[in-house]
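Reader: I am new to this structure and would like to learn how to read it, one feature at a time. Could we start once it is in view?

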Amino acid sequence: MMPFSNVLPAAFFDREPAAIARELVEMGALLVEAQEGSIVAGRIVETEAYLTGDPACHAYRSRTPRNEAMFGPPGRAYVYSIHRVYCFNIVTEGEGVASAVLVRAVEPVAGVERMQERRPVAAVVDLTRGPGKLCQAFGIDRETFNGWDLTGGERLWVASPPAARQVPVAVSPRIGISAGQDLLLRFYDPTSLFVSRLPRQPVP
DNA sequence: GTTCGGATTATCT
DNA sequence: GATAATCCGAACC
């Protein structure tokens, strides 16, 4: 049996995105990329939710070719490029509702050598700590994977872990946005070395 | 057609 | 922590 085959179904993603973002970290969900002869997997340790009516959401202003995938059914991928880098999101809620969960970091579980082929860096921690980095390590690009059905268990999917677990979850504002900074929609495992940024120090 | 800015990263101090 | 790199997409004219 193929490892990491407990594929999360569309129903899991047909819910409010903040709850999904939190649960993916809490349950230790796995992001899996497989082709013949190779498999790459990582535990999701950092996510952000982007909601409808949220000024930081790409679909806040209007429906455009760029954000089209976010309006699709739950459990699809929304991949976009920024500063010449790809970011990977999972579309949430029903078709026609534009919301998503951004996966910002994973902790490698399998296929480190394959990741290093795609992203030659000295330190393993630099393979997948950050949204652009993990896309490179997993071979995720917009052309192939924007709109990809992640619930089919083919090529790229999200799985629940082989053994149930409860990961601690910390909450903070989202990273790198100018609007919606007051919302606490970033979720991460505070014990993971693969989280992209430590919490900002409180301002006195 | 032109302008503007970004859900980042690498590299510098 | 600060900043340059760098280019695509969206908005506006």
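Reader: Which atom of DNA strand B is 2.9 Å from an N or O atom in the side chain of Tyr80?

Author: Before the answer, a word on the basis: this is a predicted model, in which local features need pLDDT of at least 70 and side-chain atom pairs count only at pLDDT 80 or more, while totals for chains, interfaces and linings use all residues. Residues are numbered from 1 along each chain as its sequence is written, chains are lettered from A and ligands numbered from 1 in the order in which they are written, and side-chain values use heavy atoms, with hydrogens and water left out. A polar contact is a pair of N or O atoms within 3.5 Å; within protein, one must be able to donate a hydrogen and the other to accept it, and residues adjacent in sequence count only if both atoms are side-chain atoms. In the case of Tyr80, the partner is a base nitrogen of DNA strand B. Phosphate oxygens of this strand are also approached, one lying 2.9 Å from an N or O atom in the side chain of Arg119, and one lying 3.3 Å from a polar backbone atom of Pro131.

Reader: How many residues surround DNA strand B, and which are the closest?

Author: A residue is near a molecule or strand if one of its heavy atoms lies within 4 Å of it. By that rule 21 residues surround DNA strand B, and the closest are His58, Tyr80, Asn89, Gly132 and Gly176. Of the strand's atoms within 4 Å of the protein, 48% belong to sugar or phosphate, and the rest belong to bases.

Reader: Which element gives the most to the surface near DNA strand B?

Author: Elements are DSSP runs numbered from the N terminus, where helices (H or I) have at least four residues and strands (E) at least two. Helix H5 gives the most to this surface, with three residues, and E3, E4 and E5, like H5, each supply at least two.

Reader: What surrounds DNA strand C?

Author: Around DNA strand C are Arg61, Ser62, Thr64, Pro65, Arg66, His83 and Arg84. Sugar and phosphate make up 71% of the atoms of this strand that come within 4 Å of the protein. Two contacts reach a phosphate oxygen of DNA strand C: a polar side-chain atom of Thr64 lies 2.4 Å from one, and a backbone N or O atom of Arg66 lies 3.0 Å from one.

Reader: Is helix H5 mostly covered or mostly open?

Author: Burial is read from relative accessible area: buried means under 20%, exposed over 50%, and partly exposed in between, with a 1.4 Å probe and protein chains only. Helix H5, residues 131-138, is mostly covered, since six of its eight residues are buried; they are Pro131, Gly132, Leu134, Cys135, Ala137 and Phe138. Phe138, at 0% relative accessibility, therefore counts as buried. Contact means heavy atoms within 4.5 Å, and, leaving aside its neighbours within four places in sequence, Phe138 is in contact with residues including Leu31, Val32, Val106 and Met115. After the helix comes Gly139, whose phi is positive, near 70 degrees.

Reader: Which residues of helix H2 are buried, and where do they lie on the helix?

Author: In H2, residues 17-26, the buried ones are Pro17, Ala18, Ile20, Ala21, Leu24 and Val25. Seen down the axis, they fall within an arc of 165 degrees, so they line one face of the helix; the arc is that of the directions from the helix axis to the C-beta atoms. At the N-terminal end of H2, Glu16 acts as a cap, with a side-chain oxygen 3.2 Å from the backbone nitrogen of Ala18.

Reader: Which residues touch the most other members of the largest nonpolar core?

Author: In soluble globular proteins, nonpolar side chains tend to be buried together. A nonpolar core is a set of buried Ala, Val, Leu, Ile, Met, Phe, Trp, Tyr and Cys residues joined through side-chain atoms within 4.5 Å. The largest one here has 35 residues, of which Leu24, Leu31, Phe88, Ile140 and Val158 touch the most other members. H2 provides the largest share of this core, five residues. Apart from it lies another core, of 15 residues, among them Cys57, Ala59, Tyr78 and Leu102.

Reader: Is Pro162 buried or exposed?

Author: Pro162 is exposed, with a relative accessible area of 71%, and its place is in the loop between E6 and strand E7. Not counting residues up to four places away in sequence, Pro162 touches Asn6 and Leu30.
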